[in-house]
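Student: Please take one part of this structure and go through it closely. Then show me how the rest is arranged around it, and give the cut-offs for each term as it comes up.

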2 protein chains.
Amino acid sequence: MRITALAGGIGGARFIRGLRHHLDQRGNDTGSADGPHEITVIGNTGDDITLFGLRVCPDLDSLLYTLGGGAHEEQGWGRAEESYRVQDELLAYGAQPDWFRLGDLDLATHIVRSQWLGQGHTLSAVTARLAQRWGLPDQGIRLLPMTDHPVETHVVLSGEEPRAVHFQEWWVRMRAAEPAERFVVAGMDRAAAAPGVLEAIRSADVVLLPPSNPVVSIGIILGVPGVRDSLRGTAAPVVGVSPLIGGAPVRGHADTCLATIGVEATTGAVAGLYADFLDGWLVDPADATTTVRGVRTAAHDGPLLMTSVAAAADIAGAALDLALSLGRS
Amino acid sequence: MRITALAGGIGGARFIRGLRHHLDQRGNDTGSADGPHEITVIGNTGDDITLFGLRVCPDLDSLLYTLGGGAHEEQGWGRAEESYRVQDELLAYGAQPDWFRLGDLDLATHIVRSQWLGQGHTLSAVTARLAQRWGLPDQGIRLLPMTDHPVETHVVLSGEEPRAVHFQEWWVRMRAAEPAERFVVAGMDRAAAAPGVLEAIRSADVVLLPPSNPVVSIGIILGVPGVRDSLRGTAAPVVGVSPLIGGAPVRGHADTCLATIGVEATTGAVAGLYADFLDGWLVDPADATTTVRGVRTAAHDGPLLMTSVAAAADIAGAALDLALSLGRS
């Protein structure tokens with residue numbers, strides 16, 4: 001089975017890890033020769049930022065570290081057993097910024113990525129090399145950046161004199177508390193989907209949308225030329241998992257992001273953002289009454305919280321079952 | 001008094017630290033208003049290398065760390081209390097090389113230097129910013145790279161099919177044991193002295209050559225267009241300190257480097273390399289019989305070993321006294 005997923009950072013990463021776990025479990029339980037499952041993950045690169053001259057791809061790294069067993073689980077970002085000697089030195093030299101913490105182990109990823117990019121390799125090629133070290137190919141997981149072009153989400157802040165800041169500055173430094181007027185994806189006008197991205201959507205057996213931020217993660221990927229059309233055109237059922245429970249985001253500031261684009265913070269309104277290509281929508285039991293025109297809504301049999309690998313596997317399994325129960329309309 | 005020195009790495013760094021110590025001591029002892037002494041150090045950049053996409057300037061860094069109190073004294077290179085988490089990660093990603101150890105604290109210097117260079121600042125400007133953090137201006141020390149152009153010393157190896165390697169690969173990985181045919185300074189044909197370099201030589205009251213490697217440190221600086229002419233033309237006495245004791249280098253592979261350029265490994269032969277501009281030459285008591293035509297040779301009253309700051313201060317003081325005793329011929 002070929003499964004393609006669009007993913008942001010930690011939510012996407014935990015969902016994919018759960019999916020991998022579920023597929024392994026499924027194979028063992030049924031004893032069936034389902035054949036090896038291939039998972040293609042299309043990662044958001046709109047969060048990417050150049051810090052200290054190094055290219056940082058927070059969402060791709062969350063996917064690599066989480067799937068490779070190197071993530072800091074409690075923190076939700078960065079590496080386990082991390083130290084901060086290098087950045088403390090950088091700050092001693094007067095380098096900026098101090099509001100984005102980069103650990104020593106994490107920095108190595110950015111150094112090697114920047115080195116390889118500087119040698120002329122594409123972000124796809126670089127990501128594939130990084131994924132090798134984290135054992136993703138051995139798990140049947142292929143991680144593709146949504147695009148090889150450098151794109152960056154910027155946030156236009158409200159105020160008398162509108163000014164824009166990088167998404168990370170708004171998200172991390174301002175904790176998304178500074179009122180935002182809109183999101184602008186710098187570079188997207190020149191961007192094209194990375195090799196394999198559109199093909200992975202078109203030729204998939206199932207397409208899944210993990211509970212990633214619908215505006216600044218999934219929404220950004222949907223803006224890559226050809227992605228939305230491929231989702232509309234694929235023969236595979238497309239099933240999403242709600243990132244909201246009773247109107248509140250499980251993690252992050254999805255409600256603030258939705259307010260910025262003028263969309264209600266309800267699971268139904270989020271599904272509405274995907275209505276042109278969505279076939280199934282998995283919601284929390286608290287949202288069981290949600291209905292979305294043209295979309296089969298199903299309530300999960302437990303809370304939609306990925307509090308453990310097992311819980312994430314249950315959720316991913318439910319999304320997959322929902323997809324398999326649907327033909328493409 | 002304006003003192004200008006040409007310096008390689010650790011030998012140059014320890015000499016300058018000794019000189020600073022000597023000048024402070026001299027001021028205290030005489031109680032005289034000698035006025036503040038200004039030391040301009042012209043650092044070799046031929047050892048510079050790009051590793052993991054980061055610009056590394058080993059000699060400038062040895063000067064910064066040693067003068068700023070951050071050097072690993074026993075090791076003679078790199079930072080004290082160093083760790084190697086980042087490079088271990090880089091190697092886990094399959095990045096190269098593994099034969100040049102870069103510590104975490106040290107890497108911060110290379111990251112910030114590369115960032116600032118990437119923003120279009122010159123190596124001079126970047127070095128000045130780095131020097132600020134290490135307190136060099138407060139010590140009356142100005143550190144100038146010999147040139148702002150990227151130059152790199154390469155070593156042409158002997159063998160049926162001659163091939164060249166970067167100086168660091170020959171020095172560090174091959175431990176200078178691979179027979180070398182000659183040294184080539186890539187980029188020197190397009191290089192110009194950095195701002196202030198020629199002026200610092202021409203307008204100095206005293207010019208000193210620390211006991212740095214005469215071929216791959218001092219010799220490279222002498223190859224920068226205008227440097228040798230400025231040394232010939234300056235009104236200041238030029239005094240050097242022998243890097244050899246009884247024909248053996250105090251540290252490093254000066255004898256091997258001398259053999260490569262076809263020069264005898266004697267203190268007299270080294271002075272001969274500088275004969276067109278050298279006025280005084282400080283040697284070890286073991287070399288007291290050395291004579292060099294046109295150069296006043298003096299034997300130090302102790303071994304020419306910078307085994308402590310005090311010993312280095314004695315040597316620097318003796319070199320300075322020798323210079324002050326000489327008018328320019």
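Tutor: In chain B, strand β13 and strand β14 (residues 296-299) run parallel and pair over four bridges. Strands (E, at least two residues) and helices (H or I, at least four residues) are DSSP runs, numbered from the N terminus; two strands pair if DSSP finds at least two bridges between them. This is a predicted model, in which local features need pLDDT of at least 70 and side-chain atom pairs count only at pLDDT 80 or more, while totals for chains, interfaces and linings use all residues. Residues are numbered from 1 along each chain as its sequence is written, and chains are lettered from A and ligands numbered from 1 in the order in which they are written.

One bridge of this pair sets V283(B) against A299(B) in β14(B). β13(B) also pairs with strand β10 (residues 238-241) of chain B, in the parallel sense and over three bridges. There, V239(B) has G280(B) of β13(B) as its bridge partner. Within β13(B), residues 280-283, G280(B) and L282(B) point one way, W281(B) and V283(B) point the other way, and all are buried. A residue is buried if 20 or more other C-beta atoms, placed from the backbone, lie within 10 Å of its own; with 12 or fewer it is exposed, and in between it is partly exposed.

Another strand of chain B can be read in the same manner. Strand β2 (residues 38-43) of chain B has five buried residues out of six. β2(B) pairs in the parallel sense with strand β1 (residues 2-7) of chain B, over six bridges, and A7(B) has G43(B) of β2(B) as its bridge partner. β2(B) also runs parallel to strand β5 (residues 141-145) of chain B, joined to it by five bridges. G43(B) appears again here, with P145(B) of β5(B) as its bridge partner.

Now the core. I16(B) touches A5(B), A7(B), I39(B), V41(B), L63(B), L67(B), I141(B) and P210(B), leaving out residues up to four places away in sequence. Two residues are in contact if their C-beta atoms, placed from the backbone, lie within 7 Å. A nonpolar core is a set of buried Ala, Val, Leu, Ile, Met, Phe, Trp, Tyr and Cys residues joined through C-beta atoms within 7 Å. The largest such core has 198 residues, and those with the most contacts inside it are I16, V41 and A319 of each chain, A and B. It draws at least three residues from each of domain 1 (2-70 + 121-149 + 195-325) and domain 2 (152-189) of chain B; these bounds come from an automatic or database domain assignment.

Next, the meeting of the two chains. The contact takes 22 residues from chain A and 22 residues from chain B. On the side of chain A that touches chain B, α3 (85-92), α4 (104-118) and α5 (123-133) of chain A each supply at least two residues. α4(A) gives the largest share, nine residues. By class, this side of chain A has 13 nonpolar, five polar and four charged residues. Ala, Val, Leu, Ile, Met, Phe, Trp, Tyr, Cys and Pro count as nonpolar, Asp, Glu, Lys and Arg as charged, and the others, Gly among them, as polar.

On the chain B side, consider α3(B). Its buried residues are R85(B), V86(B), Q87(B), E89(B) and L90(B), and what covers them includes α3 and α4 of chain A together with α4 of chain B. Just after α3(B), G94(B) takes a positive phi of about 85°. P97(B), in the loop between α3 (85-92) and α4 (104-118) of chain B, is joined to Q96(B) by a cis peptide bond, with omega about 0°. Most peptide bonds are trans.

Last, the symmetry. A turn of 180° with a shift of 0.0 Å along the axis lays chain A on chain B with an RMSD of 0.0 Å, which is the relation of a two-fold axis. In chain A, D104(A) has the C-alpha nearest the axis, 3.7 Å from it. The same surface serves both copies, as 95% of the contact residues of chain A recur in chain B. The superposition is by least squares on the C-alpha atoms of residues with pLDDT of at least 70 in both copies.
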